[in-house]
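I sat down with this one to see how its pieces fit together. Here are my notes, in the order I looked things up.

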Amino acid sequence: MASPSRIELRPGNVFIGVGTDMHEYRTHRCGDLRIEHAGEKVRLSGWIHRKRDHGNLLFVDLRDHYGITQCVVDSSSPIFGVVEDARNETVICVTGKVVPRSDETVNSSIPTGEVELVIQEVEVLGPAETLPLQVNSDEDYGEETRLRFRFLDLRRDRVHSNIVLRSRVISDIRRRMTEQGFVEFQTPILTSTSPEGARDFLVPSRLHPGQFYALPQAPQQFKQLIMMAGFDRYFQIAPCFRDEDARADRSPGEFYQLDIEMSFVTQEDVFAALEPVLNGVFNEFGDGKTVTAAPFPRIPYEDAMLKYGTDKPDLRNPIEMSDVTDVWRGTDFKIFAKGIEKGAVVRALPVPSAANQPRSFFDKLNDWARKEGAGGLGYILFQDGEAKGPIARFLDEDRLSKLQNITGFEDGDAVFFVCERAETAAEFGALARTRIANELELIDQNTFKFCWIIDYPMYELDPRTGTLEFSHNPFSMPQGGLEALEAKDPLDIKAFQYDIVCNGIELSSGAIRNHRPEIMYKAFELAGYAASEVEARFGGMLNALKFGAPPHGGSAPGIDRIVMLLAGEENIREVTMFPMTQQAQDLMMGAPAVVSKSHLEELHVRVEMPPTKDE
RNA sequence: GGGGGCGUAGCUCAGCUGGUUAGAGCGCUGGCCUGUCACGCCAGAGGUCGCGGGUUCGAGUCCCGUCGCUCCCGCCA
């Protein structure tokens with residue numbers, strides 16, 4: 001017989017000898033027993049999932065992590081009363097004989113449904129009080145109850161399996177990364193504040209009064225330093241901390257990234273490393289949905305903004321916008337023509353097979369558009385070779401054929417028009433695109449569509465101050481290098497900066513990094529930072545760049561969002577074991593909390609409360 | 001920081017234009033029931049209607065404030 005350390009916990013395994021030396025708690029798990037076990041004396045431990053009490057005959061569904069087994073006892077047994085008195089969710093250990101069920105009483109909906117355990121001995125291991133939420137129910141409980149009693153919520157099937165899925169996804173990612181030659185490292189949790197980006201979490205220093213550590217917003221600088229240290233290919237399931245407000249798809253405070261960085265690579269090399277990992281993981285855990293095959297489409301930022309109105313397009317949506325400003329310029333439809341004169345653009349949204357929708361469909365959309373603050377949502381229907389609808393008459397043959405060339409509409413389609421300033425047109429067009437596709441159920445729910453968004457602008461103007469600032473990561477390499485920084489209009493410079501998007505959800509951003517100090521100085525100079533300031537803020541990294549830095553780049557897909565997509569969950573709490581509320585509180589552990597005075601004194605910290613309203 | 005939704009029994013919710021003793025399902029307690037699998041049947045307990053103030057003869061319901069949960073905007077290099 002194998003030594004205990006080599007015994008695996010697999011369904012069907014008897015992992016401890018049965019008989020006189022029966023294990024104290026269990027010989028099998030609650031998902032194990034099959035018809036082959038009939039006649040054996042076994043021991044199970046688990047939670048009372050549900051009882052069916054017939055007075056003189058009592059069924060107990062005993063549940064553990066692995067499954068449910070029906071146990072049965074009748075009033076002739078001396079321990080009948082003990083089982084009858086135990087509440088749901090009480091942890092018990094039962095010993096008895098496995099018996100086959102009669103044909104009429106087999107339960108084909110559970111794997112153990114052909115047998116049941118006749119209870120001969122019972123021990124209550126952990127009694128349960130009256131429950132604040134019922135584990136054996138699909139009822140949708142309020143967040144407050146669920147989070148305060150998360151340990152109960154986690155017993156329930158849906159969250160329990162989400163968390164297991166999360167674990168399996170992470171294991172699978174680790175395996176795929178390791179097999180590609182990536183090496184996993186840990187980076188510091190207590191580090192320095194990062195000068196750009198989100199709000200930091202600060203940790204006061206006991207040894208250095210008045211000084212603070214910060215929790216890393218991401219291991220960005222560390223992973224670059226790992227490349228400069230010559231490790232070539234790094235990855236980590238990295239905790240990241242940002243003190244920003246939560247959303248349904250954004251935990252307050254903390255989240256995890258698959259953080260990766262590679263040396264001597266181009267943008268394409270990074271894509272080639274990540275694509276098989278993402279495609280593989282989504283195929284493995286995507287519940288049979290189709291997954292974009294590598295190489296994923298690469299969409300330049302500018303194209304994405306024009307076609308989808310956003311840099312995180314949902315490619316499941318077949319509607320692609322195009323610019324038709326010229327088609328409407330100078331027509332008698334004054335709303336558009338005058339708008340165009342004042343600098344507005346017109347975007348077309350061709351919607352396949354929408355021409356036969358009832359009038360009310362178009363009216364409803366128009367009402368919605370006005371409520372969103374747009375002028376409206378004009379449209380033309382193409383039916384039986386004719387252009388129909390309220391504004392169709394403003395376009396002559398020439399203009400209509402031009403429109404067809406641009407949008408590629410076919411007979412039976414409808415084309416919607418958005419006329420706004422370019423930025424608003426993109427924003428509102430994106431909303432309309434999503435809205436229309438949802439109304440007409442054009443979104444394929446059985447697929448994961450990936451794409452890379454590439455060629456992000458290096459700089460943008462701050463809309464309030466009009467000053468030049470980094471539009472993404474200041475450590476990205478500008479396309480064209482130093483030459484571009486010196487010669488081009490900064491707003492025309494692109495960066496080797498890219499996002500990966502799946503079904504309209506941004507999974508990560510990444511970049512080829514700027515590994516040349518002189519380019520770094522220049523890039524920051526354009527954004528208004530003096531060399532001395534750059535040195536003060538990024539001294540450590542800048543220093544490393546000066547002692548032989550390899551070209552390098554990477555990315556960091558969000559683990560939580562990957563699991564959300566795979567689990568089909570809309571809310572990140574459903575895939576997080578111990579989440580906080582939207583107000584960043586842990587209701588179960590009671591965090592954050594007031595700490596003792598001595599605690600604070602040790603850290604040289606004094607609390608000053610914000611003024612209350614009547615002060 | 002701002003906007004929306006929700007807050008009634010342990011839990012999920014109903015409660016009309018303000019009007020007698022605030023209801024249901026699940027859970028809980030007690031009773032009956034030997035083949036159920038969301039077992040069934042009978043009975044019972046359980047409520048400061050989030051909290052504070054106001055309007056009114058009368059407030060779960062209307063108004064103001066406040067707290068909690070949530071969704072969104074801002075924020076998230």
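**Entry 1: the open sheet.** I began with an open sheet of eight strands in this predicted model. Its order is β6-β9-β10-β24-β23-β22-β19-β12, and the pairing is mixed. Strands here are DSSP runs of E with at least two residues, helices are runs of H or I with at least four, and both are numbered from the N terminus. Two strands pair if DSSP finds at least two bridges between them. I found β6 (183-184) and β12 (298-300) at the edges; each has a single partner strand, so one side of each is left without a neighbour in the sheet.

I then checked β23 (residues 505-512) against β24 (residues 552-555), and they pair in the antiparallel sense over three bridges. Gly510 has Ser555 in β24 as its bridge partner. Next I looked at what packs on the sheet. Helix α5 does, touching β9 (233-242), β10 and β24, and its direction makes about 20° with that of β10. Helix α16 packs on the sheet too, touching β9, β10, β22 (497-502) and β23, with its direction at about 145° to that of β23. Contact means heavy atoms within 4.5 Å. Axes are lines fitted to C-alpha atoms, for helices over the stretch in contact, and angles run from 0 to 180 degrees between N-to-C directions.

**Entry 2: a residue in the sheet.** Is Asp259 buried or exposed? I found Asp259 in strand β10 (residues 253-263), and at 1% relative accessibility it counts as buried. (Buried means under 20% relative accessible area, exposed over 50%, and partly exposed in between, with a 1.4 Å probe and protein chains only.) Leaving out residues up to four places away in sequence, Asp259 touches Pro219, Lys223, Tyr234, Phe235, Gln236, Ala238, Ser555 and Ala556.

**Entry 3: α5 on α15.** I went back to α5 (residues 220-228) for its packing with α15 (residues 531-545): the angle is about 20° and the axes are 10 Å apart. That makes α5 roughly parallel to α15, since angles under 35 degrees count as roughly parallel, over 145 as roughly antiparallel, 65 to 115 as roughly perpendicular and the rest as oblique. From α5, I listed Gln221, Gln224, Leu225 and Met228 in the contact; from α15, Phe538, Gly540, Met541, Ala544 and Leu545. By class, that contact has six nonpolar, three polar and no charged residues. For the classes, Ala, Val, Leu, Ile, Met, Phe, Trp, Tyr, Cys and Pro count as nonpolar, Asp, Glu, Lys and Arg as charged, and the others, Gly among them, as polar.

**Entry 4: α10 on α12.** How far apart are the axes of α10 and α12? I read 12 Å for α10 (residues 359-371) and α12, at an angle of about 145°. The α10 side brings Phe361, Lys364, Leu365, Trp368 and Ala369 to meet Phe428, Leu431, Ala432, Arg435, Ile436 and Glu439 in α12. I noted eight nonpolar, no polar and three charged residues in this contact.

Just past α12 (422-439), I stopped at Leu440, in the loop that leads to β18 (447-448). Leu440 counts as buried at 18% relative accessibility. Its contacts, leaving aside neighbours within four places in sequence, are Val351, Ala354, Gln357 and Phe361. I also looked up Leu440 and Ser76: they are 364 residues apart along the chain, and their C-alpha atoms are separated by 63 Å.

**Entry 5: the barrel.** Five strands close into a barrel in the order β1-β2-β3-β5-β4, with mixed pairing. The twist averages 55° from one strand to the next. Strands β4 (residues 91-100) and β5 (residues 115-126) run antiparallel, joined by 10 bridges. Opposite Pro100 I found Val115 in β5.

**Entry 6: two last residues.** Thr576 sits in the loop between α16 (559-567) and α17 (597-602), and it is buried, with a relative accessible area of 14%. Not counting residues up to four places away, Thr576 touches Arg150, Ile163, Arg166, Ser251 and Asp560.

His160 lies in helix α4 (residues 157-179) and counts as partly exposed at 28% relative accessibility. With the same sequence neighbours left out, His160 touches His65, Leu154 and Arg155.

**Bookkeeping.** Residues are numbered from 1 along each chain as its sequence is written, and chains are lettered from A and ligands numbered from 1 in the order in which they are written. In this predicted model, local features need pLDDT of at least 70, side-chain atom pairs count only at pLDDT 80 or more, and totals for chains, interfaces and linings use all residues, while side-chain values use heavy atoms, with hydrogens and water left out.
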